[in-house]
Amino acid sequence: MTRPRILSGMRPTGPLHLGHLTGALDNWVRLQEEYDCLYVVVDWHALTTDYADPSGIRANIVEVATDWLAAGLDPARSTLFIQSLVPEHAELHLMLSMVTPLSWLERVPTYKEVQQQLHERDLATYGFLGYPLLQSADIIIYKADAVPVGEDQAPHVEMTREVVRRFNNLYGPVFPEPKTILTATPRILGTDGRKMSKSYGNSVYLKDPPEVIRQKIRPMVTDPARKRRTDPGNPEVCPVFDLHKAFSPPETQAWAAEGCRTAGIGCLDCKGGLLDHLLRRLEEIHARRPEFAARPDTVWDILRAGSLRAREVARATMEEVRTAMQIIYPR
Ligand code: SF4
């Protein structure tokens, strides 16, 4: 029996951090058991925001793919590939752009949000407005049955479903409507208490050696109410406790919460407890990563082979699309 297909992607923004692990990668690794998985490094999506300086994209593709492999994505079971090596995505994006009302793109919540977050860049571009539609093309060109996403990306899948309905109404039933697999995305903040992000310099990376991780976690911000060791704190407002929730077992979480509220433990004790579990959790990744990091050619080979495999599927879908839209001529 063929397994249902899912597709998900990441932008090549650099090495992956703990937020990527808990918000996506862990889940992607699990999904390999049940689904035919396609995981794509979306380099064209990186261009929508980084067009003025694309110099880091190539190196970042290898960083991301190396982290994927280290985390347990298995190229023998899943297709790992690069978006721009399957140019059919761009053709389908163009075809979909003919039938998609502008208002559907303008109302996507991330359109305004990201423009505000990156206000120093000029994102009043055609490509940036259209990127959710490029995502739709990424998904439906493989006729994916479902898309694993966090809550913030769910409106994109909803728009994809609308685009599919419109396309199928106009030209016949070519595409299935992809379902959303909502992924819990635990709150992971950076060491300074802001969103964990490469641009803030506050990230704990999967590739950081244990000693670097210790050096980053020890000075991490905590509940500001705990100025002295004797001040009781509130774990629910502490970013270290968010990490406990993601990486420590329930008994350690209970120990940290109780010790925090009663000032029974200090923040360094609490971080020590977290580090034990966090480093244990990263052991496998740390064991696997150097092997791939030392052989970037192997990583490119894996991505190229995956892209060829993906392209076969994409080509077949585009034949159907061109036929349905009557853009097919005698050869
Ligand atoms: S004891 Fe732990 S949870 Fe409480 S403020 Fe310190 S680091 Fe945060």
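Here is a walk through this structure, beginning at its ligand and ending in the last segment of the chain.

One thing to keep in mind as you turn it around: this is a predicted model.

Let's start with the enclosed space. Rolling a probe the size of a water molecule over the atoms shows where empty space is left. Here the count of cavities of 30 Å³ or more comes to 1, and the volume of that largest cavity is about 100 Å³. Three helices give two or more residues each to its lining: H11 (239–247), H12 (250–261) and H13 (267–293). If you want to click through the wall, pick out Thr222, Asp223, Arg226, Pro235, Cys238, Val240, Phe241, Ala256, Cys260, Cys267 and Cys270. Sorted by class, that lining has 8 nonpolar residues, 1 polar residue and 2 charged ones.

So where is the ligand? It sits in the largest cavity. Around the ligand you'll find Thr222, Asp223, Arg226, Cys238, Val240, Phe241, Cys260, Cys267 and Cys270. H11 and H13 each supply at least two residues of this shell. By class, the shell around the ligand divides into 6 nonpolar, 1 polar and 2 charged residues.

While you're in this region, have a look at the loop between H12 and H13, where Ala263 lies. The phi angle of Ala263 is near 60°, a positive value in a residue that isn't glycine. Is Ala263 buried or exposed? Ala263 counts as buried because its relative accessible area of 15% is under the 20% cut-off.

A second positive phi turns up at Lys143, another non-glycine residue, with a value near 50°. Lys143 belongs to the loop between H8 and strand S4 (146–149). Its relative accessible area is 26%, so Lys143 is partly exposed.

Next, the open spaces. The second largest pocket has a volume of about 250 Å³. Helix H4 (88–99), helix H5 (102–106) and helix H7 (126–129) each supply at least two residues of its lining. That lining is made up of His93, Leu94, Ser97, Thr100, Leu102, Leu105, Tyr126, Gly127, Leu129, Gly130 and Leu133. What about its chemistry? The lining of this pocket splits into 6 nonpolar and 5 polar residues, with no charged ones.

From there, step along to Leu134, which is in helix H8. Leu134 counts as buried because its relative accessibility is 7%. Which residues does Leu134 touch, leaving out those up to four places away in sequence? The list is Trp44, His45, Gln83, His89 and His93. You've already met His93, in the lining of the second largest pocket. For a sense of distance across the fold, the C-alpha atoms of Leu134 and Ala316 are separated by 18 Å, with their positions 182 residues apart along the chain.

His45 from that contact list takes us to helix H2 (residues 43–50), where the buried residues are Asp43, His45, Ala46, Thr48 and Thr49. An α-helix has 3.6 residues a turn, so residues three or four places apart point the same way. What covers the buried residues of H2? The cover includes strand S2 (36–41), H3, strand S3 (79–82), H7 and helix H8 (131–140).

H3 deserves a stop too, as helix H3 (residues 57–71) is the place of Val62. With 15% relative accessibility, Val62 counts as buried. Not counting residues up to four places away in sequence, Val62 touches Pro296, Val299 and Trp300. The C-alpha atom of Val62 is also 8.3 Å from that of Pro12, a residue 50 places away along the chain.

Finally, follow the chain to Ile327, in the segment after helix H14 (296–324). Ile327 is partly exposed, because its relative accessible area is 39%. Setting aside neighbours within four places in sequence, Ile327 is in contact with Met95 and Arg322.

Terms used: Residues numbered from 1 in each chain as written. Predicted model: local features only at pLDDT ≥ 70, side-chain atom pairs only at ≥ 80, totals over all residues. Heavy atoms only, no water. 1 Å grid on protein atoms, 1.4 Å probe; cavity = no way out; pocket = protein on both sides within 12 Å on 5 of 7 lines; lining within 4 Å. Points joined across faces, edges and corners; volume = space filled by probe spheres on them. Helix = DSSP H or I, 4+ residues; strand = E, 2+ residues; numbered from the N terminus. Nonpolar A, V, L, I, M, F, W, Y, C, P; charged D, E, K, R; others polar. Buried < 20%, exposed > 50% of the residue type's maximum accessible area, 1.4 Å probe, protein only. Contact = heavy atoms within 4.5 Å. Near = heavy atom within 4 Å. Sits in = over half its atoms within 2 Å of the grid points.
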